[in-house]
Each structure stands twice: as structure tokens, then as C-alpha cells.
Amino acid sequence: KGDKMIMVTLNSTLKIYMLVQLSHLHTSPNSQAPVPALPEKGGKTRHGIIPEELFQLLYPKTGVTGPYMLGAGLLTYILSKEIYIINHETFAAACMGTVIIYGVRKFGPDVAAFADKLNEEKVQKAQEVKDLAMTSLAQAIQDEKKEQWRAEGRQMLFDAKRNNVAMLLETNRRERVHMVTNEVKKRLDYQIALQTLHRRMEQEHMVNWVEKNVVTSITPQQEKTSIAKCITDLKVLAKVQQAKATA
């Protein structure tokens, strides 16, 4: 009857523990969140190996002595049912456990400090590598920004070159327009000079023709009369000049 009570208590305790864990698994707000990093140090324990969470889990149902009664009942059940039989190996394991516990308590802090020192050295080396990588990456980012700035300046340089080419093309176009204008002006000036030459030659020809006709139309009598008239006019002018001189 006592064994049945222990089995019932053990089964109910395991069921409660599984239900609590399942409810925590399905109702946890971090179920969809990333898995958190493992802590560097473990949680609180009692007697070196028993987690504090087990006592906190059984405390609302069984009180303070519940976990101890569970352990004592489970040990009694295992020994009474001869699931585990005490023999020489048990004493050897107890001795080994005692030696291990003594060694852990005696040399554990020194070994832990040595391990922590090694861990700190590894972390420091990893941090140095990380800092070096971050520095190189920051320098790479600065170089990339500088290259982007240079690329933007290259675009401005290309724009300036395109503007220079456009100015050269415009200059060549204007030079050609000026050359065409000069050539057209030369041809127009030639036509004007040719027309002027024709007009001058026509005028000279007309003057020569008129003069020739006038000369040929004068008779000898008219020539003598004109000469006499000119001599008379000259004498009159001479007298007028002498009179002005004496006055």
C-alpha cells in the first residue's frame, strides 16, 4: 500500500511537471522569438546537483519537505523493489563521488579561475580580431565612400568634357558659318564691283561719245568766235583786276 501511494505521488508529480512545462512551452511570449544565448553561469542548485526550479515547482503542491520526501520515497521504492541493489560497486561509486566532490570543492575555484583566465584571453583575442576587422571594414567603408565621391566627380568631369566638345562643335559651326558668310560676301562684292565697273565703263564711254560728238559738231567759224569771245573776256577780267590793284 505504501508503494502504491509513492507510485501515485510520483506519477502525479511527473504529470504536473510535464503539464507545467507544456503549458509554458505553448504560452510563452518568446515562443516565436529567437533562441536566447546560453548564460555563462548555471542557475541556483541545492546540494550541488538538484536544480532550484524543482523545489519551486513542488513547493505550491507539497510544501517545503515535498522534494525531500519525493527523493526519499523514490530511493526507498528503488531499494525496496530491488531495482537497484547495493553492492561493492555502490561503495566504490560513493568513494569516487566523495573524491570527486572533494576535488571539486578543493581545486574547483583554482581550475575555474584558470579556465576563466583562458576564456578571457580567448575573448580578448577574439575582441582584438573583431576590432581589427571592424577597423578594416570601417576603412573599407571610407574608401568606398571616397570612390563613390570620385565617381560623382568623374560624372562632373564627363559633363565638363561633353560641354567642351559641344563648345568645340559650336565653335567649328560658327567658323564655318563665318567662312560661308565671307565667301558669299566676296561673291556679292565681286558682283557689285563688276556692276560698278560696267557702270563706270558705260559712263566713260558716254562721256567720250558726247565729247567727241560735241567736238565734231563745232565749226571753224564757231571756234574762231569762241576764241575771240574768250580773249575779250580775258581782257575785261584783266582790266577789272588792274582797277582793284590801283584802288
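The following is a short exchange about salt bridges, burial and a surface patch in a predicted model.

Colleague: What are the ground rules for this model?

Modeller: It is predicted: local features need pLDDT of at least 70, side-chain atom pairs count only at pLDDT 80 or more, and totals for chains, interfaces and linings use all residues. Residues are numbered from 1 along each chain as its sequence is written, and side-chain values use heavy atoms, with hydrogens and water left out.

Colleague: Why is the contact of R173 and E170 called a salt bridge?

Modeller: A salt bridge needs a side-chain nitrogen of Lys or Arg within 4 Å of a carboxyl oxygen of Asp or Glu. R173 and E170 have N to O at 2.5 Å, so the pair qualifies. The whole structure holds nine salt bridges. E170, R173 and R174 are linked in a network of them.

Colleague: What makes the meeting of R173 and E170 understandable along the chain?

Modeller: They sit three residues apart in helix 4 (residues 88-217), so about one helical turn separates them. A helix here is a DSSP run of H or I, at least four residues, numbered from the N terminus.

Colleague: How do you know whether R187 and E183 are buried or exposed?

Modeller: Buried means under 20% relative accessible area, exposed over 50%, and partly exposed in between (1.4 Å probe, protein chains only). R187 has 52%, so R187 is exposed. E183 has 32%, so E183 is partly exposed. Their closest N and O atoms are 3.1 Å apart, in a salt bridge. The two lie four residues apart in helix 4, about one helical turn.

Colleague: What makes K229 and D233 a salt bridge?

Modeller: The N to O distance is 3.1 Å, so the pair meets the definition. Both residues lie in helix 5 (residues 220-246), four residues apart. D233 is partly exposed, at 34% relative accessibility.

Colleague: Which residues of helix 2 are buried?

Modeller: In helix 2 (residues 52-62), E52, F55, L57 and L58 are buried. G63 follows helix 2, with a positive phi near 85°.

Colleague: Why is L79 allowed in a nonpolar patch?

Modeller: Patch residues need over 30% relative accessible area and no salt bridge; nonpolar side chains (Val, Leu, Ile, Met, Phe, Trp, Tyr) are joined within 5 Å, like charges within 9 Å. L79 has 34%, so L79 passes the area cut-off. Its place is in helix 3 (residues 66-80). L75, L79, Y84, I86 and F91 form the patch, with about 500 Å² of accessible area together. Such areas come from the Shrake-Rupley method with a 1.4 Å probe; for residues, only the protein chains shown count as cover.
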